[in-house]
Amino acid sequence: MSKTEAFTGADAASEAMRQINPDVVAAYPITPQTPIVMKFSQFVADGEVDTEMIRVESEHSAMSACVGASAAGARAMTATASAGLALMWEILGVASGSRLPIVMNVVNRALSAPINIHCDHSDSMGARDISWIQIYSENAQEVYENTILAIKLAEHPDVHLPVMVCQDGFITSHGIQNVKIFDDNKIREFLGERKPIKALLNVKDPVTMGPLQLQDYYFETKKQQDIAMQNAKKTYLEVGKALSGITGNTYDFVEAYNLDDAEVVVVTLNSTAGTVKSVVDKMKSTGKKVGLLKIKLFRPFPYEKVAQLLENKRAVAILDRSESFGADAPIYGELKNALYNANNKPKLQSYIFGLGGRDIYEEDIESVFNDLISNNIDPNKRYIGVRE
Amino acid sequence: MIEIRIHGRGGQGAKTAANFLAMAALEQGKFVQSFPEYGPERAGAPMKAYTRISEEIINTYAPVVNPDFVLVIDPTFIGTIDVADGLKEKGILIVNTKETPDEVKKKTGFDGEVHCVDASGISIAATGINKPNVPMLGALIKVTNIVSVESIEHLIKKKFLEKLGEQKTQATIDAIQRAHDEVK
């Protein structure tokens with residue numbers, strides 16, 4: 001049994017959290033918090049979940065409380081955005097370095113300064129090398145399903161790493177769409193209870209968490225973190241396949257949209273991938289050979305899959321909604337890496353768009369495709385909709 | 001796909017109207033989107049909210065540029081901001097005003113189909129307060145048939161019965177029905 005609801009992306013995340021019924025949710029209850037935690041705290045107040053809700057004084061403390069809860073053996077979750085994620089930074093590394101399977105919804109929003117509350121990916125892209133798995137969501141439906149998948153992925157014995165489930169600020173988080181919600185019991189049966197390998201509260205098997213490791217062991221711990229990240233690819237596919245049994249949807253590293261026939265391709269993630277689909281449909285109907293490659297799993301990055309899908313294409317545009325100042329933009333850089341060993345490399349063009357919530361129109365994307373079609377490509381970063 | 005833009009002022013319920021429209025369409029099995037234009041959020045500042053309704057899945061997240069229908073909740077916008085901006089030639093403009101469609105056409109410069117309804121007057125008569133946003137949906141439904149009156153009424157009952165009680169909920173439904181009947 002499933003039902004379709006008119007949900008925002010924030011609603012979708014909190015609905016997933018209701019079904020997950022985590023042991024602990026710690027969150028900073030005011031700005032830059034999102035409606036995710038507002039709605040979830042209502043579930044707590046109404047007794048629809050038996051979560052211990054901890055209202056903390058900052059995001060640094062929110063993540064610290066999640067670290068404590070998760071280390072104790074609890075299933076711990078939180079949500080944040082923008083400056084909130086930035087303030088968590090120190091503890092993000094504690095969570096991943098301690099191999100704690102915390103799941104966090106991130107509503108992607110710009111970082112200060114200048115002060116801005118709107119959508120871009122500067123927050124989570126800034127945290128791409130802190131050893132958190134990152135899954136990006138095109139729409140509210142994906143937010144819901146990715147959040148459920150994330151729990152199972154994070155807690156898998158081969159992985160044991162925290163996961164961020166990202167969605168676009170306002171565009172996804174505050175916009176209402178159709179969201180299909182699956183049966184509570186089926187989701188709960190799929191997830192089961194968290195079975196920690198090691199937990200502070202297990203007195204029969206005492207462990208130390210977060211110890212001092214200097215020149216002697218720190219390096220080994222970091223190497224193991226990378227192995228866990230590499231393992232996460234296989235586990236992501238396995239968990240996705242199992243979830244597929246309930247939802248009927250597929251969970252690959254990427255989504256290929258009209259890619260087989262395409263000569264030129266746009267690569268992007270989150271809600272703009274949806275807008276690109278709409279443009280692909282229109283251009284396809286006029287005989288243009290265009291396609292989309294949507295990145296879903298950004299950490300760990302699916303280099304082989306991306307290379308396999310894009311080699312032999314004529315040209316590829318990469319649309320990043322965040323900057324890497326003085327360097328290649330985050331997604332573009334990964335695409336370039338992925339294709340280094342390809343036999344038939346496509347030409348690549350980097351575009352930055354939508355910083356601080358600047359609108360992206362279908363015409364903008366059409367003109368990107370037209371650049372690729374007419375071979376208007378150069379090694380410089382290009383900016384969509386920015387004033388000179 | 002049908003795209004609708006609603007002009008209101010912060011606090012007048014343009015976003016609520018856009019959401020209700022989407023929810024009613026979803027209950028009729030349609031694909032929907034609704035979202036406000038988030039600027040600096042201030043009570044009284046002009047703002048816009050949007051609804052998309054489609055038989056097929058809606059992929060795009062681009063802003064609505066060329067709406068099919070425009071709803072104006074605040075009559076003071078007529079002649080002061082370009083409410084018909086981007087409105088399709090065959091689009092429809094519906095305004096909360098005591099003025100006639102001809103007067104609105106003259107002030108907005110929009111030459112297409114224009115309808116007027118005194119949704120503020122209807123709202124005050126029915127509920128005692130000036131909340132023209134939901135009654136305006138009655139006018140929209142009459143002119144465009146985009147969703148059924150029953151689906152909006154059902155939704156109002158679902159959302160308001162517990163919060164407002166039977167009497168006030170019925171007054172809101174009456175206002176929708178009156179705006180539906182009286183739109184010119």
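**Exercise 1.** In this predicted model, work out how many residue pairs are in polar contact across the interface of domain 1 of chain A and domain 2 of chain A, and which elements and residue classes make up the domain 1 side.

*Solution.* Start with the pairs: 17 residue pairs, both partners at pLDDT 80 or more, are in polar contact across this interface. Next, look for the elements that give two or more residues to the domain 1 side: they're helix 5 (122-126), strand 6 (133-136), strand 7 (163-168) and helix 8 (218-247) of chain A. Now sort that side by class: you get 12 nonpolar, nine polar and seven charged residues.

**Exercise 2.** Find how many salt bridges cross the interface of domain 1 of chain A and domain 2 of chain A, then check the pair A:E138 and A:K294.

*Solution.* The rule finds five salt bridges across the interface. For the pair, take the closest N and O atoms: in A:E138 and A:K294 they sit 2.7 Å apart. The cut-off is 4 Å, so this pair counts as a salt bridge.

**Exercise 3.** Describe where the two domains lie and how much area they bury between them.

*Solution.* First, the bounds: the assignment gives domain 1 as 2-247 and domain 2 as 254-383 of chain A. Their C-alpha centres are 28 Å apart. Each domain puts residues into the contact, 28 from domain 1 and 28 from domain 2 of chain A. Together the domains bury about 2,200 Å², with 54% of it on carbon and sulfur atoms. Finally, pick out the domain 1 residues that lose the most area to domain 2: A:R128, A:E138 and A:K233, together 30% of what that side buries.

How values were computed: Residues numbered from 1 in each chain as written. Chains lettered and ligands numbered in written order. Predicted model: local features only at pLDDT ≥ 70, side-chain atom pairs only at ≥ 80, totals over all residues. Heavy atoms only, no water. Domains from an automatic or database assignment. Contact = heavy atoms within 4.5 Å. Buried area = accessible area lost by both parts, 1.4 Å probe. Salt bridge = Lys/Arg side-chain N within 4 Å of Asp/Glu carboxyl O. Polar contact = N/O pair within 3.5 Å; in protein donor to acceptor, adjacent residues only side chain to side chain. Helix = DSSP H or I, 4+ residues; strand = E, 2+ residues; numbered from the N terminus. Nonpolar A, V, L, I, M, F, W, Y, C, P; charged D, E, K, R; others polar.
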